[in-house]
Amino acid sequence: MQNYSFIAAALLYASCAFLPTRWRLPISGGVALAWTLHGLGLWSDVVVQDSLRLGFAQMLSAALWISVAVYWVENRNMALDSMRVLMLPVAAVAVLLPIVFPGNVVALDGKTALFPWHVAVAMLAYSTLTTAAFHAVLMAVQESYLHARRGPLSERKGGWYASAIAHLPALLTMEKMLFRLIAIGFGLLTLTVLSGLLFSEQLFGKALTWDHKTIFTLLSWVLFGVLLAGRHWRGWRGRTALTFTLTGFVTLLLAYVGSRFVFEVVLHRGLT
C-alpha cells in the first residue's frame with residue numbers, strides 16, 4: 001500500500017516543482033498533500049511489527065521529507081520559491097527509493113528502549129542538515145547572481161528561475177536562516193553522537209567500533225562545530241560558511257547514506 005503513496009507523492013512533487021510561481025496556492029496545497037502521502041508511506045515502510053526497516057533509501061527519503069516540511073513552513077513566511085525547484089525534484093526521486101531498495105529489517109527484541117529514539121534523533125539531525133545544505137546551495141546561486149556583471153539583478157533576463165532568485169530575501173536574512181538550521185542540526189547531531197558513544201553496547205549490542213561510519217560522523221560533527229564557533233568568535237560568513245556547510249554535509253552523507261548504500265547495494269549485506 002505504501003508504494004502507491006510513494007508514487008502519488010513523487011508525481012505531486014514533480015508537478016509542483018515546475019508550476020509557475022504565480023500559482024502559489026495550488027503549489028502550497030500540492031506540496032502539503034505530497035508531503036502527507038510521503039510521510040504515511042514512509043511510516044508504513046519503516047515501522048514494522050516489533051521491528052524497524054532501515055536502509056540508505058529510508059534515510060534519504062526521511063531526510064527529504066523533513067526538508068520539504070521546513071521549506072513549506074519557511075516559504076509561508078518569506079519567498080523561497082527558488083528552493084522549490086531545487087528540492088522537490090530531488091524529493092520526487094528520494095520518495096521512490098524505498099520501492100527499489102527495501103533496506104533491512106532490524107528487530108527491536110533485545111534492544112534497549114533508547115534504540116528507536118537514537119534512530120529518530122539521527123534522522124532528524126541528518127534531515128535538518130540536509131535542509132541546510134539545500135539552503136547553502138541556494139545562497140551560492142543567489143550570490144553568483146548578485147556578483148554577475150550583467151547589471152542589476154532585477155533587470156536581467158534569465159527566465160522564471162532568475163526571477164525567483166531575484167525575489168529571495170536578502171543574503172543576510174538567508175544567512176541567519178542557514179545558521180539557525182545548522183545550530184539545530186548540530187544540537188541533534190550532538191545527541192546522536194553522545195548516545196552512540198555512551199550507549200553503544202545497549203543500542204547496537206556491541207562495544208563502540210571505530211569504523212568509517214563513526215569516523216565520518218565525528219568528522220562532520222567537528223566541521224559543523226568549528227563553523228558555529230567560527231561564526232560566534234570570528235564572524236565567519238559568506239563563502240567560508242558555505243564551504244564548511246557543504247563539506248560537513250557531504251561527510252555526513254558518506255557516514256549514513258554512503259555506508260548503507262555500499263553495504264546494501266554493492267556488497268548485498270545488512271547493516272545495523
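This passage describes the confidence of a predicted model, a nonpolar surface patch and two exposed valines. Residues are numbered from 1 along each chain as its sequence is written, and side-chain values use heavy atoms, with hydrogens and water left out. In this predicted model, local features need pLDDT of at least 70 and side-chain atom pairs count only at pLDDT 80 or more, whereas totals for chains, interfaces and linings use all residues.

The average pLDDT (the predictor's confidence in each residue, from 0 to 100) of the chain is 78, and 78% of the residues score at least 70. Across residues 152-156 the pLDDT is below 50; this stretch has 9 contacts (heavy atoms within 4.5 Å) in the model beyond near neighbours in sequence. Where pLDDT is low, the predicted coordinates should not be read in detail. Among the elements of the chain, the highest mean pLDDT, 91, belongs to helix 1 and the lowest, 60, to helix 9 (residues 200-204). Helices are DSSP runs (H or I, at least four residues), numbered from the N terminus.

Val100 lies in helix 5 and is exposed, with a relative accessible area of 56%. Exposed means over 50% relative accessible area (1.4 Å probe, protein chains only). Val93, in helix 4 (residues 81-94), also counts as exposed, at 53% relative accessibility. The C-alpha atoms of Val93 and Leu60 are 9.9 Å apart in space, with the two residues 33 apart in sequence.

A nonpolar patch on the surface is formed by Ile7, Leu11, Leu96, Ile99 and Val100, with about 420 Å² of accessible area together. Helix 1 (2-17) and helix 5 (97-100) are the elements that give two or more residues to the nonpolar patch. Patch residues have over 30% relative accessible area and no salt bridge, and nonpolar side chains (Val, Leu, Ile, Met, Phe, Trp, Tyr) are joined within 5 Å. A salt bridge is a side-chain nitrogen of Lys or Arg within 4 Å of a carboxyl oxygen of Asp or Glu. Accessible areas come from the Shrake-Rupley method with a 1.4 Å probe, and for residues only the protein chains shown count as cover.

Methods: Patch = residues over 30% accessible without salt bridge, like charges linked within 9 Å, V, L, I, M, F, W, Y side chains within 5 Å. Buried < 20%, exposed > 50% of the residue type's maximum accessible area, 1.4 Å probe, protein only.
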